[in-house]
Amino acid sequence: MSVVSPPVPLRPATWRDIPAMLAVERAAFPDEPWDEAALWSELASRPRRAYVVAAREGHDGLEGYAGLDLAGDVADVMTLAVHPGSRGRGLGALLLGRLHDLAREAGATGVLLEVRSGNEVARRLYAARGYQLVRTRERYYRSGEDALVLRKELLP
Ligand SMILES: CC(C)(COP(=O)(O)OP(=O)(O)OC[C@H]1O[C@@H](n2cnc3c(N)ncnc32)[C@H](O)[C@@H]1OP(=O)(O)O)[C@@H](O)C(=O)NCCC(=O)NCCS
């Protein structure tokens with residue numbers, strides 16, 4: 001498992017992060033990025049939603065961010081995105097691990113997420129961290145690609 005080096009501090013997202021989150025979003029999901037209004041709406045839904053950003057001190061912009069919905073016993077990963085220039089250094093795993101910690105702290109016993117069937121990198125990340133297939137939503141995305149619903153049980 002890779003370890004981020006040098007370490008990238010994670011912190012809760014604030015309103016001021018929205019432009020930088022949008023830049024990461026557009027780079028990470030070029031086909032169907034969330035727009036600015038969607039990010040405002042997500043942050044307006046705190047504390048039910050929890051957003052974490054990865055920001056290296058002294059550097060402009062963000063290296064990645066991730067969001068969680070904390071309603072009920074099972075938390076939902078809303079998004080996970082690492083800027084292309086910061087990938088492959090353990091940051092995705094670090095952000096996902098922080099979401100797991102936040103879900104546990106909120107009393108959740110499991111985490112659900114959706115991933116495109118063709119997203120091999122993300123699928124590998126989730127499989128290595130204990131996610132298992134719950135169901136397939138056929139042709140769920142505009143492109144015709146299937147969505148895989150994955151679930152991880154959280155140990156206390
Ligand atoms: C998926 C994503 C968040 C991974 O971020 P990352 O910082 O590169 O991931 P990490 O460096 O932490 O690697 C985590 C795991 O991903 C897998 N992985 C990372 N890069 C990979 C690559 N180039 N090829 C294959 N697997 C890879 C590995 O399983 C790795 O675990 P390991 O280091 O224990 O082997 C990033 O690629 C991304 O933002 N993609 C676009 C947005 C997206 O698809 N988000 C997920 C939506 S469900």
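This is a conversation about reading helix packing, burial and side-chain contacts in a predicted model.

Colleague: What should I keep in mind about how the values were made?

Modeller: Residues are numbered from 1 along each chain as its sequence is written, and side-chain values use heavy atoms, with hydrogens and water left out. As this is a predicted model, local features need pLDDT of at least 70 and side-chain atom pairs count only at pLDDT 80 or more, while totals for chains, interfaces and linings use all residues.

Colleague: How do I read a pair of packed helices?

Modeller: Two packed helices are described by the angle between their axes and the distance between the axes. Here helix H1 (residues 18-28) and helix H2 (residues 36-44) pack at about 120 degrees, and their axes are 10 Å apart. That makes H1 oblique to H2. Angles under 35 degrees count as roughly parallel, over 145 as roughly antiparallel, 65 to 115 as roughly perpendicular and the rest as oblique. Axes are lines fitted to C-alpha atoms, for helices over the stretch in contact, and angles run from 0 to 180 degrees between N-to-C directions. Helices (H or I, at least four residues) and strands (E, at least two) are DSSP runs, numbered from the N terminus.

Colleague: Which residues of H1 and H2 meet?

Modeller: Ile18, Met21 and Leu22 of H1 meet Glu36, Leu39, Trp40 and Leu43 of H2, where contact means heavy atoms within 4.5 Å. By class, the contact has six nonpolar residues, no polar ones and one charged. Ala, Val, Leu, Ile, Met, Phe, Trp, Tyr, Cys and Pro count as nonpolar, Asp, Glu, Lys and Arg as charged, and the others, Gly among them, as polar.

Colleague: Which residues of H1 are buried, and what do they pack against?

Modeller: Buried means under 20% relative accessible area, exposed over 50%, and partly exposed in between (1.4 Å probe, protein chains only). In H1, the buried residues are Ile18, Ala20, Met21, Leu22, Val24, Glu25 and Ala28. Their packing partners are H2 and the strands E2 (49-54), E3 (64-69) and E4 (74-82).

Colleague: Now a charged side chain: is Asp69 buried or exposed?

Modeller: Asp69, found in strand E3, is buried, with a relative accessible area of 4%. To read its partners, take a polar contact as a pair of N or O atoms within 3.5 Å; within protein, one must be able to donate a hydrogen and the other to accept it, and residues adjacent in sequence count only if both atoms are side-chain atoms. The Asp69 side chain makes one with the side chain of Arg48 at 2.7 Å and one with that of Arg49 at 2.3 Å.

Colleague: What about Glu63 and Leu62 in the loop between E2 and E3?

Modeller: Glu63 is buried at 9% relative accessible area, and its side chain makes polar contacts with those of Arg56 (2.7 Å) and Arg89 (3.1 Å). Leu62 is also buried, at 10%. Beyond four places in sequence, Leu62 is in contact with residues including Ala20, Met21 and Val24. Leu62 and Asp17 are 45 residues apart along the chain, with their C-alpha atoms separated by 8.1 Å.

Colleague: And how exposed is Arg151?

Modeller: Arg151, in strand E7 (residues 147-153), counts as partly exposed at 26% relative accessibility. Its side chain has a polar contact of 2.6 Å with that of Glu153. Not counting residues up to four places away in sequence, Arg151 touches Val74, Gly110 and Tyr131, among others.
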